[in-house]
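I opened the notebook to record how the parts of this chain sit against each other, and I put my questions down before my answers.

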Amino acid sequence: MTRKLRKIPERKWVGGVCAGVAYWLGVPAWLARLVLTLSVLCFGFGLLLYLLLWIFMPAWDATPADYDAVSGG
């Protein structure tokens, strides 16, 4: 099954973007959040990327059933 790149509003800290990216990549959500934070602090482009994804990425209607198994809750 191919996972779609979408925000997961129920699992958000800010906008649900990192939870959606983590689910799409099949990595833990904390890892996606850590990479984003490091990219903001070290390189500066992470904030612009996050804002663009927050605006243009569609959202799931509900959290996918296999989210906890894929991204570790």
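Which helix gives the largest share of the nonpolar patch? I noted beforehand that I am reading a predicted model. Looking it up, I found that the largest share, seven residues, comes from α3, and that α2 (29-43) and α3 each supply at least two residues of the patch.

I then wrote down the members of this nonpolar surface patch, which covers about 1,200 Å² and is made by Trp13, Val14, Val40, Leu41, Leu47, Leu48, Leu51, Leu52, Trp54, Ile55 and Phe56. I also checked Leu52 by itself, and its place is in helix α3.

Next entry: how do α2 and α3 lie to each other? I read that their axes come within 6 Å and cross at roughly 130°; angles from 65 to 115 degrees would count as roughly perpendicular and those over 145 as roughly antiparallel, so α2 and α3 are oblique to each other. On the α2 side I listed Leu36, Ser39, Val40 and Phe43, and on the α3 side Phe45, Gly46, Leu47 and Tyr50. Sorted by kind, the residues of this contact are six nonpolar, two polar and no charged.

Last entry: at what angle do α1 and α3 pack? For helix α1 (residues 17-25) and helix α3 (residues 45-56) I noted an angle of about 85°, with the axes 10 Å apart, and the two helices are therefore roughly perpendicular to each other. Here Val17, Cys18 and Val21 in α1 meet Tyr50, Leu53 and Trp54 in α3, and I counted the residues of this contact as six nonpolar, no polar and no charged.

Terms used
Residues are numbered from 1 along each chain as its sequence is written. This is a predicted model: local features need pLDDT of at least 70, side-chain atom pairs count only at pLDDT 80 or more; totals for chains, interfaces and linings use all residues. Side-chain values use heavy atoms; hydrogens and water are left out. Axes are lines fitted to C-alpha atoms, for helices over the stretch in contact, and angles run from 0 to 180 degrees between N-to-C directions. Helices (H or I, at least four residues) and strands (E, at least two) are DSSP runs, numbered from the N terminus. Angles under 35 degrees count as roughly parallel, over 145 as roughly antiparallel, 65 to 115 as roughly perpendicular and the rest as oblique. Contact means heavy atoms within 4.5 Å. Ala, Val, Leu, Ile, Met, Phe, Trp, Tyr, Cys and Pro count as nonpolar, Asp, Glu, Lys and Arg as charged, and the others, Gly among them, as polar. Patches are made of residues with over 30% relative accessible area and no salt bridge: like charges are joined within 9 Å, nonpolar side chains (Val, Leu, Ile, Met, Phe, Trp, Tyr) within 5 Å. Accessible areas come from the Shrake-Rupley method with a 1.4 Å probe; for residues, only the protein chains shown count as cover. A salt bridge is a side-chain nitrogen of Lys or Arg within 4 Å of a carboxyl oxygen of Asp or Glu.
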